[in-house]
Amino acid sequence: MYKAVVSKIQTRPLPGADRLLIGACGQYQVIVGIDTQDGELGVFFEQDGQLSIEFATQNDLVRRKLPDGTYAGGMFQDNRRVKAIKLRGVRSEGFWTPLSSFQYTGHDLSSMQEGDQFDELNGHRICGKYMTPATTRAMRNQFGIKARRENRMFPKHIDTGKFKMESHTIPPDSIIVITEKLHGTSFRYGHVLDEVSIQRNKVWRWITRLLGMEQTTKQWKHLVGSRNVVLNEGKVDSFYGGGTENFRHKSVEGISLHKGEVLYGEIVGWATPITPIMNTQSTKELKDKSITTKYGEYMTYSYGCLPGRYELYVYRITMVNEDGYTLDLSWNQIKKRCRELGLQTVPELCDAIAYPLTTLEQLTELVDNLTGDTSPSTLDSSHIREGVVVRWDSEHGVGWLKNKGFTFGVLEGYLKERDDVVDLEESA
């Protein structure tokens with residue numbers, strides 16, 4: 001879920017720019033105007049968000065052309081999308097604005113504290129996750145065509161938080177594992193109790209329906225799901241061509257789980273012999289010869305898979321009872337269980353870390369180094385690494401925080417300039 005975060009900004013000069021400053025909002029960097037006060041409290045919007053029409057209009061943030069042909073307004077395009085950019089070779093990872101920008105909402109601005117997160121104030125919508133028109137249509141279609149009733153024993157994976165915003169929430173008694181974030185499509189697979197129709201003749205079905213009698217029973221079944229929906233087997237409309245999502249079912253074919261066991265992970269590679277699971281990105285948009293030379297003009301996130309092949313990588317395993325109570329396996333238990341099933345876990349990037357023997361500052365530096373920005377995937381040197389996921393295990397439970405590389409974010413942003421591009425990470 002996308003939210004803005006209240007943050008102080010620390011400013012310094014931007015070399016060669018008289019009207020701009022470099023600002024630090026916690027662990028984020030942003031370019032702001034010269035009138036920004038050092039230490040001022042405001043609100044930061046990370047890349048990949050969208051400002052509401054009302055908020056953008058109230059603050060004149062969308063560029064518009066005047067009758068004389070000159071431009072007025074802010075720096076945003078009509079879609080009001082918050083992007084990661086480079087300006088004069090300096091990274092800007094989002095948008096920052098002072099608290100005064102929210103006066104129109106009638107919210108008590110003096111009550112806002114650093115670290116607060118929100119997507120609306122006093123009933124006024126402020127921001128949300130940006131989605132292309134094609135992504136919105138794909139999500140609507142999947143719930144109309146692929147979806148079936150959810151099952152409490154087969155829950156969705158929780159939303160992964162952002163390391164730069166939430167690293168301070170990691171419990172002090174945690175064991176931390178950092179893994180590569182794979183740019184694929186989410187899957188879940190479980191052995192659960194599921195409702196099935198009772199097979200009766202037409203007359204009996206008519207009588208029971210008329211009397212309002214139960215026509216279903218529960219059976220133990222293996223279910224396959226994407227991030228958002230439980231899938232039915234067979235051909236369905238999809239974004240992958242050929243009208244099929246059957247690769248999701250084939251990826252877990254023959255895997256028998258314990259009753260109540262649910263696997264979560266990523267499928268990477270190719271959905272069909274000609275269609276990669278994730279969209280190919282153009283490095284030419286970056287106008288950075290070093291990256292184009294290293295990875296070529298186009299990057300396909302194949303993760304070492306030949307066309308038509310795919311691999312499944314597990315990052316979570318749970319045991320769920322009939323009431324929906326969920327117990328997470330530890331990371332070592334996950335690795336052991338994957339070995340038993342003949343499966344792979346997502347790649348570990350370093351040894352497990354005892355926290356807080358490692359300080360937050362040291363952890364942050366390590367996460368930045370492992371994210372790598374322009375580093376290749378550990379599974380395939382032909383394309384860039386998306387980022388990392390920080391998993392913590394403690395007596396308080398289990399949690400995940402992600403950190404995407406800046407260059408990956410910029411490439412993803414250029415791809416979303418096209419209205420016909422489907423964001424498969426969101427829509428699956």
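The chain folds into 10 helices and 30 strands in this predicted model. Half of the story lies inside: 50% of its 428 residues count as buried. Contacts that reach across the sequence are plentiful, for among those with a separation of 6 or more, 71% join residues 24 or more positions apart. On the outside, the chain exposes about 21100 Å², and carbon and sulfur atoms supply 49% of that area.

A good place to begin a tour of the interior is the largest nonpolar core, which holds 50 residues. Within this core, F187, Y189, L263, V314 and L343 touch the most other members. Both strands and helices give two or more residues to the core: the strands are β18 (185-197), β19 (216-225), β20 (230-231), β21 (261-272) and β25 (310-320), and the helices are α6 (289-295), α7 (331-341) and α9 (406-415). Apart from this core lies another, of 20 residues, including A56, L99, F118 and L121. As general background, nonpolar side chains tend to be buried together in soluble globular proteins.

L343 offers a view of the larger core from one residue. Beyond its neighbours within four places in sequence, L343 is in contact with I255, L263, L312, V314 and C338.

Attention can now turn to the second largest pocket, with a volume of about 760 Å³. Its lining counts 28 residues, of which I31, V32, M75, F76 and F95 are the closest to the centre. Two or more lining residues come from each of β4 (28-33), β9 (85-87) and β11 (94-98), and β11 gives the largest share, five residues. By type, the lining divides into 14 nonpolar, seven polar and seven charged residues.

Note on methods
Residues are numbered from 1 along each chain as its sequence is written. This is a predicted model: local features need pLDDT of at least 70, side-chain atom pairs count only at pLDDT 80 or more; totals for chains, interfaces and linings use all residues. Side-chain values use heavy atoms; hydrogens and water are left out. Helices (H or I, at least four residues) and strands (E, at least two) are DSSP runs, numbered from the N terminus. Buried means under 20% relative accessible area, exposed over 50%, partly exposed in between (1.4 Å probe, protein chains only). Contact means heavy atoms within 4.5 Å. Accessible areas come from the Shrake-Rupley method with a 1.4 Å probe; for residues, only the protein chains shown count as cover. On a 1 Å grid over the protein atoms alone, a cavity is a set of points where a 1.4 Å probe fits but cannot get out, and a pocket is an open set with protein on both sides within 12 Å along at least five of seven lines; lining residues have an atom within 4 Å of a point. Grid points are joined across faces, edges and corners, and a volume is the space filled by probe spheres set on the points. Ala, Val, Leu, Ile, Met, Phe, Trp, Tyr, Cys and Pro count as nonpolar, Asp, Glu, Lys and Arg as charged, and the others, Gly among them, as polar. A nonpolar core is a set of buried Ala, Val, Leu, Ile, Met, Phe, Trp, Tyr and Cys residues joined through side-chain atoms within 4.5 Å.
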